[in-house]
Amino acid sequence: MTDRVKVKEIRTGVSETQDDLIEVKDLRTYFPTQDGVVKAVDGVSFEIEAGKTLGIVGESGCGKSITALSIMKLIEKPGRIVGGSIKLDGFEIVNATDDEMRQIRGNEISMIFQEPMTSLNPVYNCGDQIAEAVSLHDDMGRREAHNKAVEMIRDVGIPDPKHRAKQYPHELSGGMRQRVMIAMALSTDPALLIADEPTTALDVTIQAQILELMKALREKNKMAIMLITHDLGVIAEMADEVVVMYAGKVVERSDVNTIFAQPHHPYTHGLLASIPRLGERHKRLAVIKGVVPNPLNLPKGCLFKRRCPYAMPVCDTAPPFQQLGPNHSSLCWLTADQKPPAIGANASGVIAEETAAAMSPSK
Amino acid sequence: MDTTVNPSLAQRLPGEIDEVDLIPVRTYWQMVRRRFLRNRLAVVAFLLLVVLIALALIVPTLTGEMYRKTSLIKPYAGVELAAPLGYDDIGQNIFLRLMKALQTSLFIGFAAVSIIFTVGVSVGAIAGYFGGWVDNILMRVVDVVLSLPSLFLVIMLVAFFGGGNVWVIVFAIGLTGWTTAARLVRATFLSLREADFVQAAQALGASRFRIITRHMLPSALAPILVAVTLGVADSVVTEAALSFLGFGISPPEASLGNMMTNAINYMIRQPLLIVYPGVTLILIVLAASFLGDGLRDALDPRQRAEG
């Protein structure tokens, strides 16, 4: 448990190390089913520094939420983390016991779920629910916990917090409920906040307010945020770094400016092209053709090749995760200027495999 | 400053919204009371049950052993101030006997229900929460208990452990009656387990016990309450049936069942003898059922009384 103490120290600024707060390395979460193994998360790696926001984008079913749940170790049976490591400031989560996880959940890592309408318990009022979250981890009297709850409700910008604390979830609007969820997640002062599509269920004005709120609290508490979304607008607004996921793999990683200015992976291109823009009335919206491959029947080599406009014979060999810049890497055969690789578009077999291995950073 | 700034706007925190609705806040129990009081039938049932319980508590306590006092002069004697319902075939005061019987029946009803509640809720909650093989084993046990003819089982237990003992009867009824409660709780828990707020509680680091007792049980309260109130009615009826058949409480102790057995012999001569315990039994059962219905509607937090 000494690791957890260390985490708290970092955030309060006692030790100003540049170390990553959370380090996910080659995470693999598989679901054995009757028809075969579904590799929901297959070799995902990323790091988040304290006080930074990592955005995870990708379409539905690409493994974003499973990655988040893996970090919380809340994968439902039969799913299992089969490999890799998740280190919360040096503490290995993958091998943690249930008791240790209970200490970490809510205390070190909090999670905001995407459904504010159903994520609050209907039989307790909001104040009681936040007070419960507080008293689960801090030794606090009932009254103290309740006062803290009212304080948290004020902090997330809900007017008249005393009155609101006595109300039940069904008496609040969606935006209010999401704020209560955020208040609950932040009440224990977590080091990492996992926000799983926190604004998807909300309308745009409330969405903007919630994002502002999360930003303000990030500055105030120096916490790291892992923001899962399929809304690139939210990413542009919030994130420092971006991970693009496709079919359980990270296909592109970079800082937020590069992803929008110089996207490399054809999938990222497709995502960016499919955002509707104001003013372009008479053009059809660009779409990525096809659907996500069936996780039980993944193509050989590149997972995106069936939908990729650049697909070439070499794509039958698993592409390298090539480094394109200091903070930019992409899982693709294309060179930095979108040309076929040096070994040629038709290369295959051992030559391609060896080239891919040489181009990928050693693990 | 030249520009006029709305002070309330200027002070607002980023992200704050000026949405103050003026619904008066009522606590949960205030809302429950309000909804319950709007249901006339439930209120009547509640009052009736209160009256019956009060009578069962007060009258036998005040009169002591008088309910079993026989008299050679009084058989079939008419109504008098000390005996508002008259006397029976051996000169016992019918009113006092009825009150004592009411006490016995209600005691057995509530005692058996506490067994039903404890066992049924625990088994149902464990089966529903954990699912898988735990659920399978527990539900097969429920099936086995359900497949046995329950009255027969109760009679067997009572005959084996000795009739006439109130605790044996309570135990026998409790042992056969918990299955419905267990099934109801299990069904509710199976659906609650997938609820987002349960996952949210897990993400907060709540322990299993806490999730079951604090987060899931309150949501399952409505079906549990209905099962419990119906259980009271069921247990009272079962006890009456046992005593009627001569396996339960036997004279000189009083029970609604043995009063009816006794009254059969005098159906023609004094038909009212069977009416008194019969009507009392019906009143208990009806009051318990209507009360259960009313509570179920009132306790559901998703309902809100209009106006």
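This is a conversation about a predicted model, covering chain B and one pair of strands in chain A.

Biologist: Let us start with chain B. How many helices and strands are there in chain B?

Modeller: Chain B has 12 helices and zero strands. Along the sequence, its pattern is therefore written with the α symbol throughout: α-α-α-α-α-α-α-α-α-α-α-α.

Biologist: What percentage of chain B counts as buried?

Modeller: Of its 307 residues, 39% count as buried.

Biologist: And of the contacts in chain B between residues at least 6 apart in sequence, what percentage join residues at least 24 apart?

Modeller: The figure is 71% of those contacts.

Biologist: Let us turn to particular helices. At what angle do α4(B) and α10(B) cross?

Modeller: Helix α4 of chain B covers residues 94-130, and helix α10 of chain B covers residues 221-245. Their axes cross at roughly 135° and come within 8 Å.

Biologist: Why are they called oblique to each other?

Modeller: An angle counts as roughly antiparallel when it is over 145 degrees, and as roughly perpendicular from 65 to 115. The crossing at roughly 135° belongs to neither group, so α4(B) and α10(B) are oblique.

Biologist: Is that crossing left-handed or right-handed?

Modeller: The crossing of α4(B) past α10(B) is right-handed.

Biologist: Which residues meet there?

Modeller: On α4(B), the residues include I108(B), F110(B), V113(B) and F117(B). They face a group in α10(B) that includes I224(B), V228(B), V232(B) and E239(B). By class, the contact of α4(B) with α10(B) has 13 nonpolar, five polar and one charged residues.

Biologist: How do α7(B) and α10(B) cross?

Modeller: Helix α7 of chain B, residues 166-193, and α10(B) have axes that come within 10 Å and cross at roughly 155°. That angle makes α7(B) roughly antiparallel to α10(B). The crossing of α7(B) and α10(B) is right-handed.

Biologist: Which residues make that contact?

Modeller: Among them are I169(B), T180(B) and L184(B) of α7(B), together with P223(B), D234(B) and L242(B) of α10(B). The residues of this contact divide into nine nonpolar, six polar and two charged.

Biologist: Now to chain A. In what sense do β1(A) and β2(A) pair?

Modeller: Strand β1 of chain A, residues 20-33, and strand β2 of chain A, residues 36-49, pair in the antiparallel sense over 11 bridges. The two strands form a hairpin with two residues between them.

Biologist: Which residue is the bridge partner of D20(A) in β2(A)?

Modeller: The partner of D20(A) in β2(A) is E49(A).

Methods
Residues numbered from 1 in each chain as written. Chains lettered and ligands numbered in written order. Predicted model: local features only at pLDDT ≥ 70, side-chain atom pairs only at ≥ 80, totals over all residues. Axes fitted to C-alpha atoms, helices over the stretch in contact; angles between N-to-C directions. Helix = DSSP H or I, 4+ residues; strand = E, 2+ residues; numbered from the N terminus. Parallel < 35°, antiparallel > 145°, perpendicular 65-115°, else oblique. Left-handed = near helix turned anticlockwise from the far one by under 90°. Contact = placed C-beta atoms within 7 Å. Nonpolar A, V, L, I, M, F, W, Y, C, P; charged D, E, K, R; others polar. Pairing = 2+ DSSP bridges. Buried ≥ 20, exposed ≤ 12 C-beta atoms within 10 Å, placed from the backbone.
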